[in-house]
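Please look over the sequence and the 3D structure below before reading on. The report after them is meant for a reader who has not met this chain before.

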Amino acid sequence: MTVIEPQPQLGDIGLVRIRGTVGLLIRLGQWLNGDGFSTQEHAFVVVGPDADGRQQLVEAQPGGARLGLLTEYDDRHVLYVAPAGLTDWQRAQIAVAAEDLAAARTPYSFLDYLALAVHRFRLPVPGLRRYVAATGHMICSQLCDLAYQRAGEQLFADGRWNGYVTPADLGRLLGGEQR
């Protein structure tokens, strides 16, 4: 069961469409991965407020994982979702795990989309599973999934490879997929 939040809550995953060339590349990556053309091209984790009380997020960007402000997405429709039944403590643990990834400036890797597509097409590439599961580089949806895992919350129970997750996968899983 999923909760679609009217307002962002600590530990929620935000799903949003990305504009411009980057959005086009993400759409292409998700299409290659078998997701079709999803409107959910970016994902981030809602974390606690900054010293001025402004709500923050952690997201994977080309410069690496970073801490930012939710207001950066005020001009877009953001869908805030989370598994039903998360306690305040679990939500706090998810936020801490996401903040740790931002503090480490975990590098972004568009090549992960290519690796996910290679896996989808079952191409025999040595070391592919290890590459997809590696946490030294990741796309936004992998960052969200890893933050949940590090907090002890397993989002996917379908036997998929660790790290095999796109923003569209999160949208489908958490009930917010819109095509």
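What follows describes the overall make-up of the chain, then its paired strands, its nonpolar cores and one glutamate.

**Overall make-up**

The model is a predicted one, and its chain holds six helices and six strands. Read from the N terminus, the elements follow the order β-β-α-β-β-β-β-α-α-α-α-α. Of the 179 residues in the chain, 52% are buried, while the surface that the chain exposes comes to about 8,600 Å², with carbon and sulfur atoms supplying 57% of that area. Among the contacts with a separation of 6 or more, 70% are between residues 24 or more positions apart.

**The paired strands**

Strand E2 covers residues 13-16, and its residues point in two directions: Ile13 and Leu15 face one way, whereas Gly14 and Val16 face the other way, and all of them are buried. Strand E2 has two partners described here, since it pairs with E3 in the antiparallel sense and runs antiparallel to E6 as well. Leucine 15 takes part on both sides, standing opposite alanine 43 in E3 and opposite leucine 79 in E6.

Strand E3, residues 42-49, pairs in turn with E4 in the antiparallel sense, and in this pairing valine 45 stands opposite valine 58. The hairpin of E3 and E4 has five residues between the strands, and in it glycine 53 takes a positive phi near 85°. Strand E4, residues 55-61, is largely enclosed by the rest of the structure, because five of its seven residues are buried. On its way to E5, the chain passes through a hairpin of two residues, and across the antiparallel pair of E4 and E5 valine 58 stands opposite leucine 67. The table gathers the bridges for these pairs.

| Strand pair | Sense | Bridges |
|---|---|---|
| E2 and E3 | antiparallel | four bridges |
| E2 and E6 | antiparallel | three bridges |
| E3 and E4 | antiparallel | five bridges |
| E4 and E5 | antiparallel | six bridges |

**The nonpolar cores**

The largest nonpolar core has 40 residues, and Ile13 and Leu170 are the ones that touch the most other members. Strands E2, E3, E4 and E6 each supply at least two residues of this core, as do helices H2, H3, H4 and H5. Apart from this core lies another one, of nine residues, which includes Val16, Leu57, Val78 and Tyr80.

Which residues is isoleucine 13 in contact with, leaving aside its neighbours within four places in sequence? The contacts of isoleucine 13 are Ala43, Phe44, Leu79, Tyr80, Val81, Cys144, Tyr148, Leu155, Leu170 and Leu174. Ala43 in this list is the residue that stands opposite leucine 15, and Leu79 also stands opposite leucine 15, from E6.

**Glutamate 99**

Glutamate 99 is found in helix H2, which spans residues 88-103. Is this residue, with a relative accessible area of 30%, buried or partly exposed? Glutamate 99 counts as partly exposed, because its 30% lies between the limits of 20% and 50%. Leaving aside neighbours within four places in sequence, glutamate 99 is in contact with Val47, Gly48, Val58 and Leu67; of these, Val58 and Leu67 stand opposite each other in the pair of E4 and E5. Glutamate 99 and valine 46 are 53 residues apart in sequence, yet their C-alpha atoms are 9.7 Å apart in space.

Key. Residues are numbered from 1 along each chain as its sequence is written. This is a predicted model: local features need pLDDT of at least 70, side-chain atom pairs count only at pLDDT 80 or more; totals for chains, interfaces and linings use all residues. Side-chain values use heavy atoms; hydrogens and water are left out. Buried means under 20% relative accessible area, exposed over 50%, partly exposed in between (1.4 Å probe, protein chains only). Contact means heavy atoms within 4.5 Å. Accessible areas come from the Shrake-Rupley method with a 1.4 Å probe; for residues, only the protein chains shown count as cover. Two strands pair if DSSP finds at least two bridges between them. A nonpolar core is a set of buried Ala, Val, Leu, Ile, Met, Phe, Trp, Tyr and Cys residues joined through side-chain atoms within 4.5 Å.
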